[in-house]
Structure formats: structure tokens, C-alpha cells
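Biologist: Pull up the structure, please. I have a list of short questions to work through.

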Amino acid sequence: MKKTLFRTIGKAGKLAQTPIKEPDAPERLIVPLRQHFGPACAPAVQKGDTVAKGQVIGTAANVFAAPVFAPVAAIVSDILDKHPTAFGGYAPAIVLEPVAGGDEPQAQGIKDFLLQDREELWRIIAERGVVETGPGARPLRSLLDPVMQLKKYDSLLIIGYDAEPMVCTNRRVASQFAKEIGWGAALLRHLLGNPHTTLLVHQDDYRGILRTLKDMKSIDVIDTAPLLYPDNLPLFMVKHHFGKEIPVGSTAADMGVAMVRAETVLAALEAVRDAKPMTHKVITVTGPGAYWPRMLRAPLGMTLGDVSEACGGLRVGVEYLVVGGPMTGWANFDRSVPITRETDAVLALHGAPADIPDESPCINCGDCVDACPVKLQPNLLTRYCEFKLYESAQSAQSLDACVECGMCGYVCPARRPMLQYIRIAKLELLRMAELEAQLAEAADRDPDVQTPEAEPAAFKPEAEHVADATVAQAEDKPAEEAPAQDAPAEEKPAEAQGDKPASPEDSEKSS
């Protein structure tokens, strides 16, 4: 099955040997203020302002957010409350129009960083906006700082390869900037308390990188030749090389292993040594729908449409672009979606690979169970998720154990979007937990506030919203008066009937 995976999807091939190029700045950049897993940044500029290259345009609210910088000298043409992102959400954004010239803020880097205080170096890394790149990016300090995380690291694992086929972002960074990766590893080793350092690289790049880093005896360079996707996922490499299995709900850091990507190591080195903020992202642009597959170091905020134009445009028939790898990427039909720190690759699929198959009911074949690398039952989980029974799915088998490799949907003969079902369930459970935390915080501030016992409206499907509104409208509307019915005749007073009461004289005459 794994050989079939590589044969049908393809490998990076010669693209991994192509030098990384920086494209010309487009006419417009849409820079999101949230390019990480955490709260969005607050705008630090106003509409009409002129910003210099590397100037702060978004300030972080806390250590779990990373500041945003202007990739080029530009004029702020607009500030958007929300703009679509590549991963199915929305984020506030700043629209920049590049201008010629513009002085870059001068900042002095630290050359002898191995002799500096660790707290000062961590502060610089946080202020320069360095994050662990890739989907679900997190600020590097909040992810690895031993003092902040109260952890002690035994090993530093640098990922110098890419697990998914067709993607070669970290592989190319590790190969082209091997010397810088070595110095960046020395910086992180100093920050983490001198743990044992290992650099995992692709088998084709092993000899060249080993030759470049031959003088750095503190780094072990190891290739990943025996393993294929999904066994080469970084989480599984921790078990393969260190014999430590990561429990459900834990991370590699909890096991004493600091795991970072090669591009993150390079960004940390540039932030400390060269005083450069994180304003660009290395991406792989490839696929049968792209005329010129390339490795680009694109400015953050460059749209997917501009990225495709920088690679010669797209072939006729390309309806959408995939952000990420072919196994776990996100389809984007909107070409105005920008590149962020979470973007690793942009794939232009064409022809049969781009066809979206029709979903069929599960036939209980068990192929997804056999393909799951963590031994889950995706057929059971996705049935719960399909009908929005997210808590039942979590109690049946922990959704947190899923590594989102996409193998279940790849082998499914019914073409069920299993990975998408699980991702939606994780997002909904996260939203519910955040809302419960907000309600608990509000109750602590004001004990008189009663938290609603009913299900929050944000978690109800649209059909339930309509039904609730209809019921509420019916309850609020006063009942219409029933039509008058013939009531039994009752004796009415004489005045009401228009007759005068009989006098005593009339009574005597009648008698």
C-alpha cells in the first residue's frame, strides 16, 4: 500500500534540488493578524500609514501569540475585520500596497549568542515573531522554553525532511542552509540546556549535509531511508530513534524531546544573529497543474493567485489549490487566500487527481482500520462525527489520538472524507471547551450571573437554529381568539331584553 501511495501521488523529485528563490513583491499583500494557533494580534497601524520593511504591524497580546511584521515597505490601504484563511477559518488582516524604497529598521544582531543570557535570547526570539512553522504553528518560546514549560529536555530533534509526498520545504532548507542549520542547532541547544542533538534528513541529502557539518561534533546527522509515509511522521520518529512512545494528550516535549523543523531553526538563528523578524515563508509550489514547479521564499500575505503567477500560472482546468500536502492539505477555491507561517506547500492538481469523488455509505470493509498507524477505528469515529455526536466519538475512542495522517480516507473504497469529519469534530470540541471556560470565568467574576444550562447556540446546526426560532416565535405569539360558539340561552335581566319590569297593578289585572 505504501509503494502504491508514492506511485499514485508522486515524489518531490528534482524539485528538492532546486534553489529557493524569492519572488517579486506583488501589487497587494493581505497579511493576516493570526498566523498561529492562539489569539489574533491587535493592529499596530492605521489605514493610510506608511510602514517600513520589518516594522511591527500587529502586536501580540500574550506569549501565546506572535507579532506580525511588514514583509516589504508599503502603504496600509485597508484593515479587514476578517478575511478567509487557508485552513477554513477567518482572521483579521492588514492590506499592504508595496512602494519603492523605504528604509528597513536597523537593529543590531548578536554574534556571540552562545555567551548571552538565555532569558534575553528567548525574549528576542519572541519579539521577532519566530514560530514553529507548519499547520497549527505556535510561538517557539511558548512551545519550548524550559522555564515557561517547566520541562527538562534530554534530546533536541531537528526535522530536516518532509513526511508527505510532493512536499520538500524543510528538506530544501536543510540542504541549502546546512551551515546555518548547524549554528541554529547550537543556539537552541544553548537555550534548552545542552540536550543531545539529532538532525534527521532525507536519504538523498545525507552525504552533502554530513560533509558540511563535519566540524560540528555535537550534532548527529541521521537519514530516514527505511521509513515511508506515514511511518516517517515526526511523532513516530520519536519512538523510532529514542524509544519513547508519546501517550494520548501528551507531546514530544512531555517526553523530554524538543522537536522543531529545520525552517524554524533557521528563523531563530536569523532573529538572534541578524535581528531579522519572521516576514517570509519557504513554500513548495508543485503539482501537475503548475507550469513551473518552484521553491519560493514568499512574503507573508502573498495570495495564492500571486503565488501561481510567480510559477508561470496554472493550466486550464485547475479549479482549486491545495494548501499543504496531498494527504492532509486543505482545498481552497478562493485565490485571495494569503500565505502565512502555517503554509508549507501549494499544490495545483489537474485532471483525475483533482476530481472530488462522490461520497458513499460505509461498507464496513475495515481497510481504514488496517491503515491507521495508531490503531484507531476511523469507521466508527467518523460515523459519530458525521451526525455531530462529537462527545460520543470522544468517549468511544479519543479523537486526540488521531495524528491526522489522512490514510483512512485515502484507502476508503467508499471515498468518505474521514479526515475532514475528524477535524471538524476536534474543532467543535475545542470551541465547546473554550466557551465553557469563558462561562466559568464569567461566573467567578460575578457569582450572580447564572450560566445557561441549555446547549450553546453556537454549537447547534443551522437546521436546529431554524427550528428553535420557529418554536420561539410560536410561543411568543398570542393565541388567536377562538370563533364564537352558540352559548346556551341564559336568562337575561329585563333591562337587557328591553322590557320593563311588571308593576304590582299589572300583576293584579292579569290575575
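Biologist: Start with Asp-344: buried or exposed?
Modeller: Buried, because its relative accessible area is 9%. The cut-offs are under 20% for buried, over 50% for exposed and partly exposed in between, with a 1.4 Å probe and protein chains only.

Biologist: What should I know about the model and the numbering?
Modeller: This is a predicted model, in which local features need pLDDT of at least 70 and side-chain atom pairs count only at pLDDT 80 or more, while totals for chains, interfaces and linings use all residues. Residues are numbered from 1 along each chain as its sequence is written, and side-chain values use heavy atoms, leaving out hydrogens and water.

Biologist: Back to Asp-344. Which residue forms a salt bridge with it?
Modeller: Arg-261, with the closest N and O atoms 2.4 Å apart. A salt bridge here is a side-chain nitrogen of Lys or Arg within 4 Å of a carboxyl oxygen of Asp or Glu.

Biologist: Where do the two sit in the chain?
Modeller: Asp-344 is in the loop between E17 and strand E18 (345–347), and Arg-261 is in strand E13. They are 83 residues apart, so this pair links distant parts of the chain. Helices (H or I, at least four residues) and strands (E, at least two) are DSSP runs, numbered from the N terminus.

Biologist: Which residues are in the salt-bridge network with that pair?
Modeller: The network links Arg-261, Glu-263, Lys-281 and Asp-344.

Biologist: And how many salt bridges in the whole structure?
Modeller: A search finds 21. One of them joins the side chains of Asp-154 and Lys-244, at 3.8 Å from N to O. Asp-154 is in the loop between helix H4 (146–149) and E10, Lys-244 in the loop between H8 and E13, 90 residues apart.

Biologist: How accessible is Asp-154?
Modeller: It counts as partly exposed, at 43% relative accessibility. Lys-244 is also partly exposed, at 21%.

Biologist: What about Glu-404 and Lys-426?
Modeller: Their side chains meet in a salt bridge, 3.1 Å from N to O. Glu-404 is in the loop between H13 and H14 and Lys-426 is in helix H15, so the pair ties together parts 22 residues apart in sequence. Glu-404 is partly exposed, at 23% relative accessibility.

Biologist: Which residues does Thr-328 touch?
Modeller: Glu-404 is among them, along with Glu-164, Tyr-229, Cys-405, Gly-406, Leu-419 and Arg-423, not counting residues up to four places away in sequence. Contact means heavy atoms within 4.5 Å.

Biologist: Where is Thr-328?
Modeller: In the loop between strand E16 (321–323) and strand E17 (330–332). It is buried, at 15% relative accessibility. Its side chain makes a polar contact with the side chain of Glu-164, at 2.3 Å. A polar contact is a pair of N or O atoms within 3.5 Å; within protein, one must be able to donate a hydrogen and the other to accept it, and residues adjacent in sequence count only if both atoms are side-chain atoms.

Biologist: New topic. In what order do the strands of the open sheet run?
Modeller: Four strands, E12-E11-E10-E13, with parallel pairing. Strand E12 (219–223) and strand E13 (257–261) are the edges, each pairing on one side only. The twist averages 20° from one strand to the next. Two strands pair if DSSP finds at least two bridges between them.

Biologist: How many bridges join E11 to E12?
Modeller: Five, with E11 covering residues 196–201. The partner of Val-201 in E12 is Asp-223.

Biologist: Which strands does helix H6 lie across?
Modeller: H6 (residues 178–191) lies across E10 (155–160), E11, E12 and E13, at about 150° to E10. Helix H8 (residues 234–242) lies across E10, E11, E12 and E13 too, at about 135° to E13. Axes are lines fitted to C-alpha atoms, for helices over the stretch in contact, and angles run from 0 to 180 degrees between N-to-C directions.

Biologist: Last one. Which residues of H12 are buried?
Modeller: In H12 (residues 378–386), they are Pro-378, Asn-379, Leu-381, Thr-382 and Cys-385. They cover an arc of only 160° around the axis, which puts them on the same side of H12. The arc is that of the directions from the helix axis to the C-beta atoms. These buried residues pack against helices H11 (367–371), H13 (390–396), H14 (407–411) and H15 (418–445).
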